[in-house]
Amino acid sequence: MQLDMAAVEAAKNSLDQGAVTPGYGPWATDIIKLLNDSLATELVCVLRYKRHHFTAQGLASPKIAEEFMVHANEEAAHADLLAQRIVQLGGEPDFSPASLTERSHAAYDESSDLKDMIRANLIAERVAIECYSQLIRLIGDKDSTTRRMLESILSDEQEHADELKDWLVA
């Protein structure tokens with residue numbers, strides 16, 4: 001077993017590509033596309049959680065509305081991580097409002113009932129969990145930095161889903 005010295009030598013060139021070395025092969029473009037779709041999902045989730053934060057009403061709503069804002073801020077942090085990684089891979093993060101809902105895996109929601117809000121957010125979190133799980137498997141060992149980032153985001157999404165499930169049955 002030995003290193004691919006041709007790839008090591010090639011890494012000395014194309015300095016404008018930053019961290020994207022020949023070891024990425026053709027995967028960087030595919031990974032950027034997948035990350036941009038995840039970015040759209042996170043941004044739609046931020047908007048949905050913020051809407052629910054400001055419109056939640058009922059006896060349990062103050063505490064839950066507060067948690068909706070916590071989740072919105074965590075989803076925004078995920079979006080920032082994804083955008084930063086896209087740039088590191090030589091891509092451009094797609095924040096275009098015109099295509100956000102088309103590219104997002106999760107739906108926006110305008111529910112006015114608190115239980116419906118919780119349900120909509122739980123569905124979105126479950127969709128995110130499934131998508132991140134699939135992304136992690138797809139990326140495998142092709143990009144360990146992106147995989148670790150996605151695993152961290154997945155962990156947060158799983159916590160969100162568990163919390164929302166508890167509210168739904170409460």
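**Exercise 1. Work out which helices help cover the buried residues of H6 in this predicted model.**

Start with the residues that need covering. In H6, the buried set is Thr146, Met149, Leu150, Ile153, Leu154, Glu157, His160, Ala161, Leu164 and Trp167. Now look at what sits against them: the cover includes helix H2 (27-55), helix H3 (61-88) and helix H5 (114-139).

Next, check the spacing of that list. An α-helix has 3.6 residues a turn, so residues three or four places apart point the same way. Keep that in mind as you step through the buried positions, such as Met149, Ile153 and Glu157.

**Exercise 2. Test whether the end-to-end length of H6 agrees or disagrees with its residue count.**

Helix H6 covers residues 144-169, which is 26 residues. At 1.5 Å a residue, the expected span is 38 Å. The C-alpha atoms at its ends lie 38 Å apart, so the two values agree.

**Exercise 3. Find the aromatic pairs and trace how they link up.**

Step one is the count: there are 2 aromatic pairs. Take Tyr49 and Phe68 to begin with; their ring centres are 6.0 Å apart and their planes meet at 45°, making the pair tilted. This pair bridges distant parts of the chain, with Tyr49 in helix H2 and Phe68 in helix H3, 19 residues apart. Tyr49 has a relative accessible area of 0%, so it's buried. Phe68 is also at 0%, and therefore buried.

Step two is Phe68 with Trp167. Their centres are 6.0 Å apart too, but the planes sit at 70°, so this pair is edge-to-face. Here Phe68 in helix H3 reaches Trp167 in helix H6, 99 residues along the chain. Trp167 is buried, just like Phe68.

Put the pairs together and you get a cluster of Tyr49, Phe68 and Trp167.

**Exercise 4. Decide whether Val8 is buried, partly exposed or exposed, and say which patch it belongs to.**

Val8 lies in helix H1 (residues 5-10). Its relative accessibility is 35%; partly exposed runs between 20% and 50%, so that's the class for Val8. On the surface, Val8 joins Leu3 and Met5 in a nonpolar patch, with about 300 Å² of accessible area together.

**Exercise 5. Sketch the whole chain in a few numbers.**

Count the elements: 6 helices and 0 strands. The C-alpha trace spans about 65 × 35 × 20 Å along its principal axes. Of the 170 residues, 42% are buried. The accessible surface comes to about 9,600 Å², with 55% of that belonging to carbon and sulfur atoms. Finally, look at contacts between residues at least 6 apart in sequence: 78% join residues at least 24 apart.

Terms used
Residues are numbered from 1 along each chain as its sequence is written. This is a predicted model: local features need pLDDT of at least 70, side-chain atom pairs count only at pLDDT 80 or more; totals for chains, interfaces and linings use all residues. Side-chain values use heavy atoms; hydrogens and water are left out. Helices (H or I, at least four residues) and strands (E, at least two) are DSSP runs, numbered from the N terminus. The expected span of a helix is 1.5 Å times one less than its number of residues. Buried means under 20% relative accessible area, exposed over 50%, partly exposed in between (1.4 Å probe, protein chains only). Contact means heavy atoms within 4.5 Å. Patches are made of residues with over 30% relative accessible area and no salt bridge: like charges are joined within 9 Å, nonpolar side chains (Val, Leu, Ile, Met, Phe, Trp, Tyr) within 5 Å. Accessible areas come from the Shrake-Rupley method with a 1.4 Å probe; for residues, only the protein chains shown count as cover. A salt bridge is a side-chain nitrogen of Lys or Arg within 4 Å of a carboxyl oxygen of Asp or Glu. Rings of Phe, Tyr and Trp (its six-membered ring) pair if their centres lie within 6.5 Å; planes under 30 degrees apart count as stacked, over 60 as edge-to-face and the rest as tilted.
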